[in-house]
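Student: I would like to know how the terms used for a structure are justified. Can we go through a few of them?

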Amino acid sequence: MDYQRKTIGILTSGGDCPGLNAAIRGVAKPAVELYGMKVIGFSNGYKGFMDGEAIELTSSDLSGILTLGGTILGTSREPFKEIQKNKDKIEKMVNNYKKFGLDCLVVLGGNGTHKTANLLRENGLNVIGLPKTIDNDLFGTDFTFGFHSAVDIATDVIDRIHSTAQSHGRAMIIELMGHKTGWLSLYAGIAGGADIILIPELPYSIDRVIDKLNERHAHGKKFSIIVVAEGAMTKEEVKMSKKEFTEHRMKMPYSSIGFRIAAEIEDKTSFEARVTVPGYQQRGGTPSAYDRVLATKFGIYALELILKNEYGLGVGISNNEVSAKPLEKIAGKLKTVPKDHMLIKSGLALGTCFGQD
Ligand code: F6P
């Protein structure tokens with residue numbers, strides 16, 4: 001049959017996250033074992049695709065990887081802007097697509113990856129995107145795989161920090177990843193029962209944060225848990241131009257936003273403040289059961305598209321249904337937390353402070 005002769009290329013690009021191997025397995029294992037297709041794995045994202053660094057994935061490569069963190073293919077960040085302005089790089093990828101006899105290329109990645117995927121589509125390649133990132137900021141899908149694993153990890157951090165917060169009566173700041181969006185901080189903050197959650201979508205006032213701490217103390221709560229997204233900004237900062245903001249942050253004598261908030265708390269109150277930055281732990285280790293299932297569904301769905309010769313699409317999940325949307329509708333759009341998101345409303349109803357007036 002026609003589909004048996006298909007050759008699929010696959011790569012993982014951008015920051016790694018839990019679930020990448022489960023998604024690779026979802027596409028490649030049935031492609032190889034059920035349909036007798038050839039699957040070529042490119043190393044280290046688009047870089048390996050440009051350089052032609054590839055191996056044919058066999059059944060044994062695809063065995064035992066469902067629960068593995070990271071990516072068996074390796075990954076790299078190849079900024080979209082660099083690729084877009086460098087015709088040579090695009091040409092190399094188009095040539096390797098032909099050289100390896102690909103019928104399609106499956107790319108697993110976030111925003112930058114999908115922008116490049118769309119560029120390759122415009123250059124005539126058959127491409128399918130699968131949405132991964134702990135940030136959950138990819139347009140066109142309710143959830144990306146990797147996100148729920150990161151939420152679980154971050155929630156565990158918050159849970160553990162509660163004990164020291166309570167024993168010492170401290171203001172504990174947990175700074176979470178998420179890039180320019182607050183999905184991870186919002187979900188983990190609500191799951192961990194944070195008293196204050198600061199996210200980029202809701203620019204905060206430090207005075208409101210201080211008010212909340214004082215209010216808790218006045219009610220006999222001697223400790224507080226503050227979850228801050230790495231991209232959080234104050235009301236003043238959000239009004240700055242990009243240049244002004246960069247200069248302003250460069251002058252900041254703190255390595256990141258969490259440390260600035262801690263210093264401000266200690267300056268304006270008598271409370272002791274401490275900062276925890278879980279960093280890359282949020283992207284590491286075995287995927288949660290949810291992400292294993294989601295990544296598997298996405299992988300299988302991509303293979304179904306390949307069997308139907310449907311390309312130029314990004315796979316995602318909306319209202320619990322897996323589906324695909326045209327890449328040009330996804331690429332280049334950031335999915336931010338809506339100000340009226342149910343979890344913000346829930347937090348407000350429960351007394352969570354978002355640093356707002
Ligand atoms: O996109 C995932 C992410 O972990 C972001 O949350 C974070 O801002 C960024 O990647 C860190 O990037 P890098 O891996 O280049 O340090």
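Tutor: The turns below set values of this predicted model against the cut-offs behind the terms.

Student: Why is Leu343 called buried?

Tutor: Buried means under 20% relative accessible area. Leu343 has 17% relative accessibility, so Leu343 counts as buried. Leu343 belongs to helix α13, which covers residues 342-349.

Student: Which residues does Leu343 touch, leaving out those up to four places away in sequence?

Tutor: Leu186, Tyr187, Ile190 and Phe354. Contact means heavy atoms within 4.5 Å. One of these partners, Leu186, is 157 residues from Leu343 in sequence, while their C-alpha atoms are 7.2 Å apart.

Student: What makes the approach of Arg77 to the ligand a polar contact?

Tutor: A polar contact is a pair of N or O atoms within 3.5 Å. An N or O atom in the Arg77 side chain is 2.8 Å from a ligand oxygen, so the pair meets the cut-off. The side chain of Arg283 also has an N or O atom 2.8 Å from a ligand oxygen. For Gly178 a polar backbone atom is involved, at 3.1 Å from an oxygen of the ligand. Other residues around the ligand include Asp135, His179 and Glu230.

Student: How many cavities of 30 Å³ or more are there?

Tutor: The count is 1. The volume of the largest cavity is about 30 Å³.

Student: What kinds of residues line the largest cavity?

Tutor: Its lining has 4 nonpolar, 3 polar and 2 charged residues. Among the lining residues are Arg170, Leu213, Lys222 and Phe271. Arg and Lys count as charged, so Arg170 and Lys222 fall in the charged group.

Technical notes
Residues are numbered from 1 along each chain as its sequence is written. This is a predicted model: local features need pLDDT of at least 70, side-chain atom pairs count only at pLDDT 80 or more; totals for chains, interfaces and linings use all residues. Side-chain values use heavy atoms; hydrogens and water are left out. On a 1 Å grid over the protein atoms alone, a cavity is a set of points where a 1.4 Å probe fits but cannot get out, and a pocket is an open set with protein on both sides within 12 Å along at least five of seven lines; lining residues have an atom within 4 Å of a point. Grid points are joined across faces, edges and corners, and a volume is the space filled by probe spheres set on the points. Helices (H or I, at least four residues) and strands (E, at least two) are DSSP runs, numbered from the N terminus. Buried means under 20% relative accessible area, exposed over 50%, partly exposed in between (1.4 Å probe, protein chains only). A residue is near a molecule or strand if one of its heavy atoms lies within 4 Å of it. A polar contact is a pair of N or O atoms within 3.5 Å; within protein, one must be able to donate a hydrogen and the other to accept it, and residues adjacent in sequence count only if both atoms are side-chain atoms.
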